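Got your viewer open? Let's take a walk through the model, one selection at a time.

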Amino acid sequence: MSSLTLHTPNRFQFLALTTLLLAGFSGCKTATTTVQQPAPAQPVILTLGERVFSTDDFFQSFTKNQTNGDSAQRTDIKEYFDLYTNMKLKVLAAESVGNDTTEGFREEMTTYRKQLAQNYLMDKSAIEVLANEAHQRMQQEVNASHILISVADEALPADTLKAYEEALAIQKRALAGEDFATLAGQFSKDANSAAKGGNLGYFTAFATVYPVETAAYTTPVGGISAPIRTRFGYHIINVNDRRSSRGKVQVAHILLRLSPSADPAGQQALKARIDAVYDRLQKGESFEMLVRETSDDATSRNNGGILPMFETGRNVPAFEDAAFALTTPGSYSKPIQTNYGWHILKLVARKPIESYTELAPALRQKVVTDTRAEALRQASDKRLRREYAITENKNTLAAVLAKADSNLVQGKWKAVSISDADLLNKSLFSAGNQAFTVQQFAQYAQQKQTPRQPGAAPVVVMQRLYNRFVGDQLMTIEEQNLDRKSPEFRALLTEIRDGVLLSEMMEQNVWERSMTDSTGQKKHYEANKDRYKQPERAVAVIVEAANENVLKQVNEMLKTSPYQLRRAGASVTFGPGETAIPANQRDNMYQLLVTMVRNPDYLVEVSGAHAAGEADSVSAGRIRSVVNSLTRSGIALTRIMEKDNKSFGHATNPQQVTFQFFSTSKQDVAKAINAAKPNLVTITEGIFTRGINAYLDAFPWKPTTTTTPDGNKIVQTTVLRVEPPRLKTFNEARGTVINEYQAILEKQWLATLRQRYPVKVNDAQMRKLMK
């Protein structure tokens, strides 16, 4: 279908492109730490007025454009030189009016600099090692048990030592042959696993904290690890088994939720209900329909029960084992029980763990956000401490640590707790020719403090905050030095700066003018009207069906608009004589609302009735309650159809209000048919020109319907009308007109800039580059 398309770049698009550039830069090499020595003067290839541009700068820009850009849009060096010259002219124009000195520009560049710097401040080699390690671990699943001896992450050294010695004593008993499960039940403070002998089940990378994961993967099967420190305390790991990865699985499920307070009779009734659902599946009823009718999982009920794909260690073992036991897509399990209730699972898909190349971007992101991040931070701190000579004032630090109290553990410590002005002004440490005072640290501690675990010692918390403060300041110093240390960072930051300035000038001189100058647009249109032609077009509908029966079903459903989808929502049941929606039916009303919001072309038929003995007005009252609920939630009244069945209601319960969905979209008809089995039908509709659709091009264009076989499907082509060739109206051509008008305005502007800043090209340098 034809539409108005404006290929008009603007400031927001530029910012989005810059964000993509920064996000995609994670693959660049780590910034070198070698200080760059002053280089000899570079040959000049371009002079604009009094500004000169070196051959190396131009060639670096050209090379980057060739390697990073769309291969279909790459230019030769001469064409790119013209683009480069025009871009530099626009930047000079921006600088001449002071756009590079405004507060808004400085703030914007500060934001970009911080975003860009993150890619250079990361230790990419360490990240790559951790990502690779995680992928290797994902090839296996490990079953392990543990014993946890709790101690606060920031406990006093004496308390930490006591917990370690206790863990060491238990490890020795396990190594001496005592049963690990018995020891776990007796000593472990992990309430979830202690009752199971400490067993954590099968898991893989990222399923637990990194130190425990590492111990589980590096300890041999049957072996017992040394005590492992985490923020929870000390763990002793016993590795029970390893197996090859089962990959990933995606299932849909029907859930009948079990109330925690259910008595034996209630549990038995729920088991009977799930067995009845399973029996209906066995008799051929649709899994998706039973999900909508019976499942208590509100988040998946309207999606066929489909859950996100998962690997081992992400769900309870009974659920995982049942899911991975399914081997054929579409097959389903017998009812299984978990702590959530009773489930029936249907296999949607299975796949092996992806290759490292496929998973690497996601793995790199994970290792910097999970518990591995702490290891990366500590490694970075060590590297920066080696690079920047740090001088600490031990006595001053001791005086600051003495100010820690119980408020710090609660996250309520105030910087004013240090009231000694002399102490506040003292230097805590210096690095990179900068001194950092007690007052700076006190403000940092107040800002960064959070409530700590029970057992945390104030002095240890303060020491941790100080260590983090030092690391953050070293990272700030490193960021400040990136321009000097990394030519690559400096060049990219310059590109972003020029891009921001260029965007502002293009907005002022080209984009905004081209969009608002309606007189200029129409003048250009009138002068070039013959270029804007609308070719012959056909308004048509193409239906590709799996067989004749499906095609017949499609045509039957498309006879009358709105199209009945043969899809129903969960009904709302009222009590005798009631017209207000009962509280226990609000979930069904919510699901109805969600369906209408997610499907903007849907209409819903609300049908109500009343039982014998109820007043005639009851059915109308029930319908009105439902309609009012929908309209209050933003559903337009034009999308609701009312049907009052009076006393001839639902066959089994006339006190129900039922919902039948219709749609004004043919695509919803296709979705409804494909819900039973994927890819039964595809419906394409629109306004077509020659060469767009092969089925249309196969016949002379005239209003008619043609049905032809095509391999294993049948295609019905309906031409509703044919529009002859004609000139486009101004509104139809406006997108093209504006694009052309922008080019004219830009050309005129560049001509004035070339007069203001005479262009001189070093032909000898150009010839060298073009060889």
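Which residues line the largest cavity? Before you click, keep in mind that this is a predicted model.

**Stop 1: the largest cavity**

Select Arg292, Arg301, Asn302, Arg567, Ala568, Gly569, Ala570, Asn588, Gln591, Leu592, Thr595 and Phe661, and you have the lining of the largest cavity on screen. Colour by secondary structure next: β15 (563–573) and α24 (586–598) are the elements that give two or more residues to this lining. The space inside comes to about 110 Å³. If you switch to colouring by class, you'll find four nonpolar, five polar and three charged residues around the largest cavity.

**Stop 2: the second largest cavity**

How many cavities of 30 Å³ or more are there? The count comes to two, so to speak of the other one, select Met138, Glu141, Thr204, Ser245, Gly247, Glu311, Thr312 and Ile353, which line the second largest cavity. Its volume is about 30 Å³. By class, the lining of the second largest cavity splits into two nonpolar, four polar and two charged residues.

**Stop 3: the four-stranded sheet**

Go back to β15 and show it as cartoon along with β16, β17 and β18. You're looking at an open sheet of four strands, in the order β15-β18-β16-β17, with mixed pairing. Why is one side of β15 and of β17 left without a neighbour in the sheet? These two strands stand at the edges and each has a single partner strand, so nothing in the sheet flanks the other side. Look along the sheet and you can follow the twist, which averages 20 degrees from one strand to the next.

**Stop 4: strand β16**

Now zoom in on β16, residues 602–608. Are its residues mostly covered or mostly uncovered? Mostly covered: seven of the seven are buried. Turn on side chains here. In a regular strand, side chains alternate between the two faces of the sheet. In β16, Tyr602, Val604, Val606 and Gly608 point one way, while Leu603, Glu605 and Ser607 point the other way, and all of them are buried.

**Stop 5: the partners of β16**

Keep β16 on screen and bring up the strands it pairs with. Sheet strands pair through backbone hydrogen bonds, either parallel or antiparallel. With β18 (residues 656–663), β16 pairs in the antiparallel sense over six bridges. With β17 (residues 640–644), β16 pairs in the parallel sense over five bridges.

Val606 is a handy residue to centre on: its bridge partner in β18 is Phe659, and its bridge partner in β17 is Glu642. Step along to Ser607, and you'll see it stands opposite Lys643 in β17. To get from β16 to β17, trace the chain through helix α25 (residues 617–632); this β-α-β crossover is right-handed.

**Stop 6: the second largest pocket**

Last selection: the second largest pocket, which holds about 1200 Å³ of space. Pick Asp153, Glu374, Arg377, Arg464 and Arg468, the closest to its centre of the 30 residues that line it. Then widen the view to α9 (210–218), β5 (228–230), α14 (372–387), α18 (438–448) and α19 (458–480), each of which supplies at least two residues of the lining. Which of these elements gives the most to the lining? That's α14, with seven residues. Colour the lining of this pocket by class to finish: 10 residues are nonpolar, six polar and 14 charged.

Definitions and conventions: Residues are numbered from 1 along each chain as its sequence is written. This is a predicted model: local features need pLDDT of at least 70, side-chain atom pairs count only at pLDDT 80 or more; totals for chains, interfaces and linings use all residues. Side-chain values use heavy atoms; hydrogens and water are left out. On a 1 Å grid over the protein atoms alone, a cavity is a set of points where a 1.4 Å probe fits but cannot get out, and a pocket is an open set with protein on both sides within 12 Å along at least five of seven lines; lining residues have an atom within 4 Å of a point. Grid points are joined across faces, edges and corners, and a volume is the space filled by probe spheres set on the points. Ala, Val, Leu, Ile, Met, Phe, Trp, Tyr, Cys and Pro count as nonpolar, Asp, Glu, Lys and Arg as charged, and the others, Gly among them, as polar. Buried means under 20% relative accessible area, exposed over 50%, partly exposed in between (1.4 Å probe, protein chains only). Two strands pair if DSSP finds at least two bridges between them. A crossover is right-handed if, with the strands pointing away from the viewer, the path from the first strand over the helix to the second runs clockwise. Axes are lines fitted to C-alpha atoms, for helices over the stretch in contact, and angles run from 0 to 180 degrees between N-to-C directions.
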